[in-house]
Amino acid sequence: MTVGARLSAIFFLLVLSALGSPFPAAADELKIEITKKGLGKEVVITQGEREWFMMVEVTPENTVVVRQEKDRDRYLVDESETHDRPLAPGEVDAAITDYVNSVKARAKRP
């Protein structure tokens, strides 16, 4: 293979990776999106028609944690809790990580 052909192949693969997979995700595959929101974060996890959501909103006075789980348009879980202090960045990350791991474990079950 010539150098030009190799560079073309590499360029093609880079373009594909930048655009995302040309194949749609399987219905049973989890899609996880974590977004920073001010001092907190939120995560949206989808698997087919199911959706899990967690938001950790941190203010200087307190922290509010919202958890929701939907199957199509029906809410299975819709709960929130308020902590009387702001969570530290490491605590926010740990809460998000624990939630993602919990959803992964539950999503694998039949």
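## The β2–β3 hairpin

Gln 47 stands opposite Arg 50 in β3, a good place to start a tour of this predicted model. The two strands involved, β2 and β3, pair in the antiparallel sense over 7 bridges. Together β2 and β3 form a hairpin with 2 residues between them, and Gly 48 in the turn has a positive phi of about 60 degrees.

Glu 49 also belongs to this region, in the loop between β2 (40–47) and β3 (50–58). Is Glu 49 buried or exposed? Its relative accessible area is 53%, so Glu 49 is exposed, the cut-off being over 50%. Which residues does Glu 49 touch once its neighbours within four places in sequence are left aside? They are Lys 70, Asp 71 and Arg 72. With Arg 72, the C-alpha to C-alpha separation is 5.1 Å, although Glu 49 and Arg 72 are 23 residues apart in sequence.

## The β1–β2 hairpin

On its other side in this account, β2 has a further partner: strand β1 (residues 31–37) and β2 pair in the antiparallel sense over 7 bridges. Within that pairing, Thr 35 stands opposite Glu 42 in β2. The hairpin of β1 and β2 has 2 residues between the strands, and here Gly 38 takes a positive phi near 60 degrees.

## Arg 67 and its surroundings

Let's move on to Arg 67, which lies in strand β4. Arg 67 forms a salt bridge with Glu 79, where the closest N and O atoms are 3.7 Å apart. This pair links distant parts of the chain, with Arg 67 in strand β4 (residues 63–71) and Glu 79 in strand β5 (residues 74–83), 12 residues apart. Glu 79 has 41% relative accessibility, so it counts as partly exposed.

Arg 67 has a second acidic side chain to talk to: its side chain makes a polar contact with the side chain of Glu 81 at 3.2 Å. Not counting residues up to four places away in sequence, Arg 67 touches Phe 53, Met 54, Val 77, Asp 78, Glu 79, Glu 81 and Tyr 99.

## Salt bridges from helix to strand

How many salt bridges are there by the rule used here? The count comes to 9 salt bridges. One of them brings together the side chains of Arg 106 and Glu 69, at 3.2 Å from N to O. Arg 106 lies in helix α2 (residues 89–108) and Glu 69 in strand β4, so this pair ties together parts that are 37 residues apart in sequence.

The two partners differ in accessibility class: Arg 106 is partly exposed, with a relative accessible area of 32%, whereas Glu 69 is buried at 9%. Why does Glu 69 count as buried? Its 9% falls under the 20% cut-off, so Glu 69 is placed in the buried class.

## Asp 71, Arg 72 and a shared network

Arg 72 and Asp 71, both contacts of Glu 49, also form a salt bridge with each other, the closest N and O atoms being 3.9 Å apart. Arg 72 counts as exposed at 54% relative accessibility, while Asp 71 is partly exposed, with a relative accessible area of 26%. Elsewhere, salt bridges that share partners join Arg 50, Glu 69 and Arg 106 into one network. Arg 50 takes us back to the start, as the residue in β3 that Gln 47 stands opposite.

Conventions: Residues numbered from 1 in each chain as written. Predicted model: local features only at pLDDT ≥ 70, side-chain atom pairs only at ≥ 80, totals over all residues. Heavy atoms only, no water. Helix = DSSP H or I, 4+ residues; strand = E, 2+ residues; numbered from the N terminus. Buried < 20%, exposed > 50% of the residue type's maximum accessible area, 1.4 Å probe, protein only. Contact = heavy atoms within 4.5 Å. Salt bridge = Lys/Arg side-chain N within 4 Å of Asp/Glu carboxyl O. Pairing = 2+ DSSP bridges. Polar contact = N/O pair within 3.5 Å; in protein donor to acceptor, adjacent residues only side chain to side chain.
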